[in-house]
Amino acid sequence: VVPDDFVTAQIEAVVSDLGCDAVKTGMLANATIVEAVAAAVEGLELPNLVVDPVMVAKSGDRLLHENAVRALVQQLLPLALVVTPNIPEAEVLVGRRLDGDVDIRQAAREIVRLGPRAVVMKGGHRSGDATDLLFDGRQFHEFSSPRFDTPNTHGTGCTFSAAIAAGLAQGLELVEAVSRAKVYVSEAIRRAEPLGHGHGPVAHDWLLSREELRVRYRQSPGC
């Protein structure tokens with residue numbers, strides 16, 4: 001595991017050199033690193049924090065110890081603009097099983113009460129269409145896409161939270177940032193090609209495809 005002081009040094013080096021308009025977190029390994037990241041976010045006044053609370057692997061295995069979960073809830077979530085749990089991670093945050101839409105909406109309210117300004121309850125573990133639910137502290141917003149029959153879904157959660165952060169860095173409001181991130185990830189899943197065995201990665205580069213660039217070029221002003 002990377003030492004926490006090295007994590008802090010990395011954050012400080014990037015921020016002092018490049019600055020940032022939005023940040024996101026992923027898997028943070030242990031309580032010490034969670035605490036270091038939270039201290040850096042607060043001390044450096046880093047804006048538009050997107051927390052992807054990576055706690056549960058696709059296999060169902062827990063990826064964070066209990067003390068790390070407590071540190072994330074107590075120290076990092078209150079600094080977040082938005083947190084993006086999947087259903088198993090949301091169950092860890094609220095401490096119970098979630099069954100059905102009513103349960104998920106109630107859990108979203110409870111998670112916002114933990115401190116973040118908003119939460120996106122990701123729908124990858126639900127049945128039917130892949131429907132993500134954003135609760136911004138006042139109202140709910142749904143974002144749906146078809147569910148694609150593919151094993152190439154590795155990195156979907158990390159990609160989604162990164163795409164939200166990218167939208168926020170561009171100055172988008174949260175609802176629009178989530179909406180665009182949903183489209184980007186859905187297309188990245190749909191266009192993914194097999195790579196090796198097991199769960200392959202999504203097609204992060206689909207926006208750079210020749211076909212997509214031709215479409216965007218034709219739609220550009222003055223073309």
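**Ser161.** I looked up the side chain of Ser161 in this predicted model and found that it reaches the backbone oxygen of Cys158 at 3.1 Å. Ser161 belongs to helix α6. I then checked its exposure: the relative accessible area is 0%, so Ser161 counts as buried, the cut-off being under 20%. Setting aside neighbours within four places in sequence, I listed Lys24, Val50, Asp52 and Thr84 as the contacts of Ser161.

**Helix α6 and the sheet.** I traced α6 over residues 156-169. This helix lies across β1, β2 (49-51), β3 (82-83), β4 and β5. Its direction makes an angle of about 165° with β1. I followed the strand order next and wrote down β1-β2-β3-β4-β5-β6, an open sheet of six strands with mixed pairing. At the edges I found β1 (23-25) and β6 (140-145), each of which pairs on one side only.

**One strand pair.** I picked β4 and β5 for a closer look. Residues 118-121 form β4, residues 130-135 form β5, and the two pair in the antiparallel sense over three bridges. Opposite Met121 I found Leu133 of β5.

**Cores.** I looked up the largest nonpolar core and noted 41 residues. Met121 turns up again here, among the residues with the most contacts inside this core; the others are Val37, Leu72, Leu76, Leu98, Ile111 and Val119. At least two core residues come from each of α1 (4-18), α2 (31-43), β2, α3 (66-76), α4 (87-94), α5 (100-113), β4 and β5. The element that gives the most is α2, with seven residues. I also recorded a second, separate core of 23 residues, including Val82, Val120, Leu174 and Val202.

**Leu98.** I took Leu98 from the list of the largest core and looked up its contacts, again without neighbours within four places in sequence. They are Ile87, Ala90, Glu91, Asp103, Ile104, Ala107 and Met121.

**Helix α4.** Ile87, Ala90 and Glu91 also appear among the buried residues of α4, together with Glu89, Leu93 and Val94. Because six of the eight residues of α4 are buried, I entered the helix as largely enclosed by the rest of the structure. I asked what the buried residues of α4 pack against, and wrote down α3, α5 and β4. At the start of the helix, I found a side-chain oxygen of Asn86 within 2.9 Å of the backbone nitrogen of Glu89. After the helix comes Gly95, for which I noted a positive phi, near 80°.

Conventions. Residues numbered from 1 in each chain as written. Predicted model: local features only at pLDDT ≥ 70, side-chain atom pairs only at ≥ 80, totals over all residues. Heavy atoms only, no water. Pairing = 2+ DSSP bridges. Helix = DSSP H or I, 4+ residues; strand = E, 2+ residues; numbered from the N terminus. Contact = heavy atoms within 4.5 Å. Axes fitted to C-alpha atoms, helices over the stretch in contact; angles between N-to-C directions. Buried < 20%, exposed > 50% of the residue type's maximum accessible area, 1.4 Å probe, protein only. Polar contact = N/O pair within 3.5 Å; in protein donor to acceptor, adjacent residues only side chain to side chain. Core = buried A, V, L, I, M, F, W, Y, C linked by side-chain atoms within 4.5 Å.
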